[in-house]
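Reader: Got a minute to walk me through this one? I'd like to go piece by piece.

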Amino acid sequence: MDLVNSLDGRLLFAVPKKGRLYETALALLKGSDIKFHRHNRLDIALCINQGIALVFLGAADIPVFVGEGRCDLGITGQDQVAEHQTSVDEVLELGFGKCKLQVQVPANGSIKDPRELVGKTVVTSFTHLSREYFKSLEIEKFGAEAVEKNGLKTVMKYVGGSVEAACALGVADGIVDLVESGETMKAAGLMDIATVMTTEAVLIRSKNPRNPELAEVVVNRIKGVINAKKYVLCSYNIPRTLLPIVHDITPGKRAPTVTSLEDEGWVAVQAMVEQVRVADVMDQLEKAGAHDILVLQIINSRAGKD
Ligand SMILES: Nc1ncnc2c1ncn2[C@@H]1O[C@H](COP(=O)(O)OP(=O)(O)OP(=O)(O)O)[C@@H](O)[C@H]1O
Ligand SMILES: O=P(O)(O)OC[C@H]1O[C@H](OP(=O)(O)OP(=O)(O)O)[C@H](O)[C@@H]1O
C-alpha cells in the first residue's frame, strides 16, 4: 500500500499513541463512529468509513503538528498546548485527562514556598511553562528590569520522564510535574507547594484545516458524545396540579417535555439532567410527589444550531 498517496485529500487527525489519554481518546473516536484499521506498528491508520486518516503521535508532539498545519485536528492536553505555544484553536474541552501541573519539593526538606526555589535548580518536562512561572516570581522579587537584564536565576533542566526521581537523585531542588491522585508524588517523598496550571484533554483544530466541512462534522460528532456523557434523561409521572414545580426541579436544557397521560390528572415529564446532579434531582422529585422516576443513559446527542 502506498501510504503517502492514500493520505491524499484526507483530513489528518492526530491522536495520542500511548499514555494517559490513549484509551479514552480511542473510546471517543468509537463513539463518533470513526472506524479505522491500524496495521501493526504503523502510526498512520486510514478510516474505513470517513475521509480521515488518524496519525498516532506523542501527546507532546500533537500541538506542534496541528500548529504547523501538518495535521488538521488533534487530541492532547491543554498543558501540552500551552507548553508548545503553538497557534491552534482549542475547540472543545473533553472532560478527561484532568490533572494539575505543580511545583513539588521533598516533603521532609526545608522548602515550603516556591519563592524559596528562586536561584535553585528545577527539573521538569515543561520547561517553557516552568520558566514563565519562575520568571513571574523573580520579577516579583527583583523587578522586571533586573530580570530582563540578568536573565533567570532559577535553573530549569529538561527531562522527558520520571521527573519525580530528580530530587532523590540530587539533580534538583524541586520539580514541576503533573499530579492527579498524588500517588506518584507521595511515593517519591514529595509535596506540592504551588499550582502552575490545571489541565484536561482538549480537541484542537489547525487554523487552516484542509477540509473545514469534514473537520466541522468531526467536531460536532465528538461534541455530541461529550455532551451525552454529561447528561442523563430523567423521566417521571406527576399529578398535573404539581406541574409548576417541574420547571424548577427539571428545567431541562431548553424546557422539559410534558405529555398528557390517559389518566387526565397526570402528566409524564422528560428532561435532560446533568449526570452529577441526578441523585439530588431524584430526591427532590420524589419529595415533591413524582412517581415512576426513571433515569436513562444518553448514548449520543446533538444540540442543533441556534
Ligand atoms: N496522571 C494523570 N492524570 C490525568 N492526566 C494526565 C496524567 N498524566 C498526564 N496526563 C495528561 O496526559 C498527557 C500525556 O501524558 P502521559 O504521561 O501519558 O505522556 P505520554 O504520552 O506517555 O508521553 P511521555 O511518557 O513521553 O511523557 C499530559 O500532557 C496530560 O495532559
Ligand atoms: O498523581 P498521579 O495519579 O500519581 O499521576 C501523576 C503521574 O502521572 C503522569 O505520569 P505517567 O504515570 O503517565 O507516566 P510518565 O511519568 O512516564 O509520563 C505524571 O507525569 C505523574 O508522574
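Author: Sure, we can start with the domains, then look at a helix and a ligand site. Keep in mind that this is a predicted model.

Reader: OK, which domains does the assignment give?

Author: Domain 1 takes residues 3-97 + 201-210, domain 2 covers 99-199, and domain 3 runs over 231-297.

Reader: How far apart are the C-alpha centres of domain 1 and domain 2?

Author: Those centres lie 30 Å apart. The contact between the two uses seven residues from domain 1 and eight residues from domain 2.

Reader: And which helix gives the largest share on the domain 1 side?

Author: That's α4, residues 78-84, with four residues. By type, the side of domain 1 that touches domain 2 has one nonpolar, four polar and two charged residues.

Reader: What does UniProt place on this chain?

Author: An unreviewed entry puts "domain: ATP phosphoribosyltransferase catalytic" at residues 59-223. In the model, residues 59-223 are 32% helix and 28% strand, with the end C-alpha atoms 20 Å apart. UniProt, again in an unreviewed entry, also places "domain: Histidine biosynthesis HisG C-terminal" at residues 228-298.

Reader: What's the helix and strand content of 228-298?

Author: Residues 228-298 come out at 30% helix and 41% strand. The end C-alpha atoms of that span lie 5 Å apart.

Reader: Switching topic: which residues of α2 are buried?

Author: In α2, which spans residues 22-31, the buried ones are Ala25, Leu28 and Leu29. They sit on the same side of α2 because they cover an arc of only 100° around the axis.

Reader: So what about the other side of α2, buried or exposed?

Author: Over there Glu23, Ala27 and Lys30 are exposed.

Reader: And what covers the buried residues of α2?

Author: The cover includes two strands, β1 (11-16) and β5 (73-77), along with helix α8 (212-230).

Reader: What follows α2?

Author: Asp33 follows α2, and the phi of Asp33 is positive, near 60°.

Reader: Last thing, ligand 2. Which residues come nearest?

Author: Of the 14 residues around ligand 2, the nearest are Leu178, Glu180, Ser181, Glu183 and Thr184. Both β10 (174-179) and α7 (183-187) supply at least two residues each to the shell around ligand 2.

Reader: How does the shell divide into nonpolar, polar and charged?

Author: The shell around ligand 2 has three nonpolar, six polar and five charged residues.

Definitions and conventions: Residues are numbered from 1 along each chain as its sequence is written. Chains are lettered from A and ligands numbered from 1 in the order in which they are written. This is a predicted model: local features need pLDDT of at least 70, side-chain atom pairs count only at pLDDT 80 or more; totals for chains, interfaces and linings use all residues. UniProt positions are given in the numbering used here, feature names are shortened, and annotations may be inferred rather than shown by experiment. A residue is buried if 20 or more other C-beta atoms lie within 10 Å of its own, exposed if 12 or fewer, and partly exposed in between; C-beta atoms are placed from the backbone. The arc is that of the directions from the helix axis to the C-beta atoms. A residue is near a molecule or strand if its C-beta atom, placed from the backbone, lies within 6 Å of it. Ala, Val, Leu, Ile, Met, Phe, Trp, Tyr, Cys and Pro count as nonpolar, Asp, Glu, Lys and Arg as charged, and the others, Gly among them, as polar. Domain bounds come from an automatic or database domain assignment.
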